[in-house]
Every structure is written in C-alpha cells, then in structure tokens.
Amino acid sequence: MTSESTVASAVSGTPAGAVAAGSAPATDSTSATEPLVRVEGLRKSFGSHEVLRNIDLEVMPGEVVTIIGASGSGKSTLLRCINLLETPDAGHVWFHGQDLAGARTNVNALREHIGMVFQGFNLFNNMNVLDNCTLAPVTLKKMTKAEAEKVALRHLSEVGMDAFAKADVSTLSGGQKQRVAIARALCMSPEIMLFDEPTSALDPEIVGEVLEAMRQLAADGMTMVVVTHEMAFAKGVSDRVVFMDQGVVLEQGSPAEIFGAPKHARTREFLSRYLDDRAGAGE
C-alpha cells in the first residue's frame, strides 16, 4: 500500500517523511487584492555559494508570473523555496498570509494547494495515466476512486490526454508525460501552479504541445509562476516578467516593459539574442 507521505513526496518531489506537524494554511483568508504568495528577504546558500540574496516577490491571485534569467541565476531555487522543497536560510514565504516556515505548518497539507510541475515529470512509471492522476486525490483528499477518476478525466481532457487514460506511462512521449503531469497537479485543485522549466527536457518539436496546455491554464485564470527559457511564452502569456541575475531580482515589469524597454544592461544583454531574432524576423 502506498503511504500518504510517499504519495506527497512523489507529487512534490521532496523526500518521503519530510513533513512538519501542525495546521494547514488558512486558504480562505486571502482576497483578490492581497498577494496569494509573498516572498520577503529570502536567502539561500549551498555551502559557501549564496544562490538567493534577499529576494522580495509577490504573486497576486490569477496572475501569471514568469521568471527568466541565465542558468545559475537562482530561478529554480526560488521556485523550490516557495514550495519548501528547499528550506530558506533566512526570510519568509507567505501563502494566504501564513508563514510557510512556521513551526505549525503542515507541509503536505500545504502542497494540496500548490501544484508543482517539474522538468522530469515525476510520474509513477508502474501505473497507467489515470492511476497516476487519481492516486493523490484518493490518498490525500480521501476522494472515492469514482470521484477521482471523473476529476482526472476532466483534467486529462483539458490537456488533450484523455484518450491515453489507460496507457502505461512508459509508452508516452516526453510531451505527453508532461501534459499528464500538469493534469495530475490539477487533480488536487491547486490555487497556484509552479512550473520549473517544464519544457527544458523535451525535444523541440513537442515543446509547443506543453506550452499550449499552459496557455490554456493561464486563459482559465490559474495563478502561475513559471521558470522558463521560452521567451515567446513569457512575452505572450505573462502578466509580469521577473528577470533574475546572480541571485537577485534585477528587474521586473510587464512583458512590454521587460521585452520592449529593459532598464538594466544585464537584462538587455540576456535578451539580446531573442530581441535580435525577433527583429530579424520583421516583428
């Protein structure tokens, strides 16, 4: 039998048993005018290497925030700190006004409200698609199998994977696996979705199918934080773009501001290839 901690760890990517005791976040207390997530003074080091340096960031309900920057700038570490897959050395991450690092925070209960999609899918290869999507709702939310399957088929349909419900995960392409991973996260009815470079492990010809599923989520009003190198997605879908460099948020703004008139030379340097490509295409 699969334990609750095993299911939670597989879905979240954290070691089984890494669960703080106590109450879950009070998820009914945030209004549309208050941040759903607020990061304040966040710092994180690995050994002597300081990866995050005093990060402040807010994410409003219904907002799509993309985080861009060079490899090693701290993007994925920031995302993992929001979900407590990495423990910050200093600072705070607030979700619905509750400090996630607080002594009474139940991390597994928290992750029922925060969906996470990884580079490497994190699917159970010994289960079919439908069972991957129903396992967490049945185990953690105590849904009946019939209820969980109804929800799962709806979300699989949304990402174009309902025809593969009975397929073995091992037979799927990378793009299909990632769409199943998105559907699985949605089956927990999250209030926010975190995407950690979800297309970086995919062949270029199948990246589009995953990005289209994400575009539809954004159109449906899902709150999203996306770490990505897909600049066209960042420009076309984001409400706000955050540029990180060497562990700090160097600048942030609307896509028009960041892609049209970046303030910092480092931002312009990072975007130069994308901007040059667009100019060469006559856009």
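**Reading helix packing and burial**

Me: Which residues in H4 meet which residues in H5?

Reply: A helix contact is read from heavy atoms within 4.5 Å. In this predicted model, the H4 side is formed by Val129, Leu130, Asp131, Cys133, Thr134, Pro137 and Val138, and the H5 side by Lys145, Ala148, Glu149, Ala152, Leu153 and Leu156. By character, the residues of this contact comprise nine nonpolar, one polar and three charged.

Me: At roughly what angle do the axes of helix H4 and helix H5 cross, and within what distance do they come?

Reply: An angle outside the parallel, antiparallel and perpendicular ranges is read as oblique, the perpendicular range being 65 to 115 degrees and antiparallel starting over 145. Here the axes of H4 (residues 129–140) and H5 (residues 145–158) cross at roughly 125° and come within 9 Å. H4 is therefore oblique to H5. The crossing of the two helices is right-handed.

Me: How many of the 13 residues of H6 are buried?

Reply: A residue is read as buried under 20% relative accessible area. In H6, twelve of the 13 residues meet this criterion, so the helix is largely enclosed by the rest of the structure. Among them are Gly175, Val180, Ile182 and Leu186, together with charged side chains such as Lys177, Arg179 and Arg184. Across the chain of 283 residues, 51% count as buried.

Me: What span does H6 reach from its first C-alpha to its last?

Reply: Span is judged against the expectation at 1.5 Å a residue. Helix H6 (residues 174–186) reaches 19 Å, close to the expected 18 Å.

Me: How many helices and strands does the chain have?

Reply: The secondary structure comprises ten helices and ten strands. Of the contacts with a separation of 6 or more, 70% join residues 24 or more positions apart.

Terms used
Residues numbered from 1 in each chain as written. Predicted model: local features only at pLDDT ≥ 70, side-chain atom pairs only at ≥ 80, totals over all residues. Heavy atoms only, no water. Axes fitted to C-alpha atoms, helices over the stretch in contact; angles between N-to-C directions. Helix = DSSP H or I, 4+ residues; strand = E, 2+ residues; numbered from the N terminus. Parallel < 35°, antiparallel > 145°, perpendicular 65-115°, else oblique. Left-handed = near helix turned anticlockwise from the far one by under 90°. Expected span 1.5 Å × (residues − 1). Buried < 20%, exposed > 50% of the residue type's maximum accessible area, 1.4 Å probe, protein only.
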